[in-house]
Every structure is written in C-alpha cells, then in structure tokens.
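Me: Please take a close look at the strands in the structure below. Say also how they sit within the whole chain, and which single residues call for a second glance.

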Amino acid sequence: MSLELYGNLLSQPARAVAVFLSANKVPFETKLIDIMKGDNKKPEFLKLNPFHKIPVIDDNGFVVRESVAILRYLCHEKNVPDHWYPKDSKEQARVDEYLEWHHLDTRFNCMNFFAVKYLAPMFTGKPPNSKEVSQAEEKMKTTLGLIENIWLKNKPYLINNAVTIADLLAVCEVEQLRMGDYDARTEYPNIAAWMERVRQDVNPHYDDANKLLNKVVAKRKA
C-alpha cells in the first residue's frame with residue numbers, strides 16, 4: 001500500500017507536499033479533497049483530520065496532519081537527500097527557524113491577501129473590499145520585503161546553499177499571490193531568482209503541480 005496524500009493542488013501546503021513527494025520519487029496516491037464541495041467536512045475525512053484541513057497523509061495507517069509535520073516526517077522516514085532537512089542539529093535548526101516563522105508571516109500574510117482578493121469575492125459574489133485589500137497587501141509586502149532582504153540576503157535559498165522543505169512551503173505561498181493578481185517577481189529580484197531556482201531544482205514536478213493555478217490565473221487575465 002503506497003502513501004496516500006489527501007489534498008488539492010490549489011492548496012499551497014498540499015502543493016508543497018505533492019512536489020516534495022514527486023521530486024523525491026516517493027510513491028503516493030492522491031486523494032482529491034474538493035473543499036468547494038465540502039469534502040473536507042465529510043465524516044470519512046473528519047476521521048483523518050477533525051480540523052477539516054488539508055493536506056493529510058496516511059502512510060500505511062500512520063496519519064499525519066499539518067504540512068510542516070508531514071514534511072519533517074517524510075524527511076525522517078523516506079530515503080531523501082539530506083539537504084531537504086539536514087540531520088546536523090545546527091543546520092536543521094536553521095531550517096526550523098524559518099518553519100517557526102512561516103505560519104505567522106509568509107503563510108498568514110500571503111494567505112490573507114489571497115483570501116480577501118480572491119476567495120472572499122468568489123464565495124460572496126461581491127467585488128473585493130478595497131480597504132481590506134489595501135491593508136492585506138501592505139502586510140503581504142512587508143513579509144515579502146523580509147524574505148527579499150533578510151531570508152534571501154546574500155544566499156540563493158532561504159536557509160543556505162541548497163533547497164530545503166522551507167523553500168517549498170514558502171514558494172507555494174508566494175506563487176498563490178498570482179491568483180490575487182499580484183506577482184512578487186515583478187518587484188522583488190531576489191525572490192524572482194529564488195523562485196526560478198527552486199522551480200528548476202524540482203521540475204517537472206513544480207510545473208505539473210502549478211498547472212491548475214496557472215489555469216486560474218490565465219482565466220482571470222482573459
């Protein structure tokens with residue numbers, strides 16, 4: 001029985017896990033969870049995750065929720081290169097520094113912008129609230145500025161000189177902004193170079209995982 005990934009490629013953290021599994025040739029089966037149809041609130045899914053969020057993995061009966069925990073688990077349990085989550089305690093601590101920062105900065109502020117600019121109008125049928133969008137954009141750009149000028153200062157990746165699970169989680173959040181009609185590549189050269197570097201490191205899996213996102217973006221521009 002192969003590992004099962006419950007998720008949806010329009011979910012940033014689910015996309016990060018899918019890319020990681022594919023790039024590292026870890027066999028897995030995708031179990032599509034369509035949040036728009038309420039799949040995440042069905043009894044069978046709530047048995048896996050009572051918090052009704054994705055992604056979730058089921059590794060031969062061992063269920064792990066939350067993307068950071070999933071990626072750490074996979075790095076420990078599967079045969080993947082050490083650079084993803086180094087065994088050396090000091091190098092690992094550097095990755096953990098970002099992971100602890102991620103949820104209340106990159107994820108929180110990028111997700112909030114995406115939510116007020118794209119999700120709220122989609123669910124309500126009303127245009128975006130300009131004041132909320134402006135406030136969310138300001139906080140999102142503050143976070144992008146920190147990534148540009150601190151995390152990516154004088155190095156090719158967030159942590160050091162090789163791609164880690166931190167880069168995958170972060171890049172998926174930054175890509176998601178395009179669904180809110182904002183492309184960080186246009187204003188942040190370090191971020192632009194880093195995103196392309198990560199993309200090349202894990203392609204073709206990066207492009208495959210972003211096909212659905214790219215379709216949504218193209219449709220919004222049409």
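Reply: Accessible areas here come from the Shrake-Rupley method with a 1.4 Å probe, and for residues only the protein chains shown count as cover. On that basis the protein has an accessible surface of about 11500 Å², with 53% of this surface belonging to carbon and sulfur atoms. The model is a predicted one, and local features are described only where pLDDT is at least 70.

First, the whole chain, as a frame for the strands. The protein holds four strands and nine helices. Read from the N terminus, the order of elements is β-α-β-α-β-β-α-α-α-α-α-α-α. The radius of gyration is 17 Å, and the globule rule gives 17 Å for 222 residues, so the protein is as compact as a globular protein of that length. The C-alpha trace spans about 50 × 45 × 30 Å along its principal axes. Of the 222 residues, 48% are buried. Among contacts with a separation of 6 or more, 67% are between residues 24 or more positions apart. As for charge, the protein carries 31 positive and 30 negative charges, and the mean positions of the two sets lie 5 Å apart.

Now the strands, beginning with E1. This strand covers residues 3-7, and five of its five residues are buried. The cover applies to both faces: one side presents Leu 3, Leu 5 and Gly 7, the other Glu 4 and Tyr 6, and all of these are buried. Glu 4 is thus a buried member of its face, alongside Tyr 6. The partner of E1 is strand E2, residues 28-32; the two run parallel and are joined by five bridges. Within this pair, Gly 7 of E1 faces Leu 32 of E2.

The other pair to consider is E3 with E4. Here the sense is antiparallel, and the pairing extends over four bridges. Across it, Ile 57 is opposite Val 64 in E4. The two strands form a hairpin with two residues between them. Asn 60 lies in that loop between E3 and E4 (62-65), and its phi is near 55°, positive although the residue is not glycine.

The approaches to this hairpin on either side also have features of their own. Ahead of it, in the loop between H2 and E3 (56-59), comes Pro 55. The peptide bond leading into Pro 55 from Ile 54 is cis, with omega near 5°. After the hairpin, Glu 66 occupies the loop between E4 and helix H3 (67-77). Glu 66 is another residue other than glycine with a positive phi, near 75°. Its relative accessible area of 43% falls between the cut-offs of 20% and 50%, so Glu 66 is partly exposed.

Helix H2, on the far side of the Pro 55 loop, spans residues 43-46 and includes Leu 46. Leu 46 has a relative accessibility of 30% and therefore counts as partly exposed. Apart from neighbours within four places in sequence, Leu 46 is in contact with Asn 40, Lys 41 and His 52.

Two helical residues further along the chain serve as points of reference against the strands. Asn 109 is part of helix H4, residues 89-124. Its relative accessible area is 10%, so Asn 109 is buried. Beyond residues up to four places away, Asn 109 touches Leu 104, Lys 139, Met 140 and Thr 143. Val 133 belongs to helix H5, residues 130-151, and is buried because its relative accessibility is 11%. Leaving out neighbours within four places, the contacts of Val 133 are Phe 113, Val 116, Lys 117 and Pro 128. From Val 133 to Lys 117 the C-alpha distance is 6.1 Å, at a sequence separation of 16 residues.

One last peptide bond belongs with that of Pro 55. Asn 203 and Pro 204 are joined in the cis form, with omega about 10°. The setting of Pro 204 is again a loop, the one between helix H7 (189-202) and helix H8 (205-209).

To return to the part you asked about: E1 and E2 make a parallel pair over five bridges, with E1 covered on both faces. E3 and E4 make an antiparallel pair over four bridges, and Asn 60 takes a positive phi in their hairpin.

Note on methods
Residues are numbered from 1 along each chain as its sequence is written. This is a predicted model: local features need pLDDT of at least 70, side-chain atom pairs count only at pLDDT 80 or more; totals for chains, interfaces and linings use all residues. Side-chain values use heavy atoms; hydrogens and water are left out. The radius of gyration is taken over C-alpha atoms; the globule rule is 2.2 Å times the number of residues to the power 0.38. Buried means under 20% relative accessible area, exposed over 50%, partly exposed in between (1.4 Å probe, protein chains only). Contact means heavy atoms within 4.5 Å. Lys and Arg count as positive and Asp and Glu as negative; His and the chain ends are not counted. The place of a charge is taken as NZ of Lys, CZ of Arg, CG of Asp or CD of Glu. Two strands pair if DSSP finds at least two bridges between them.
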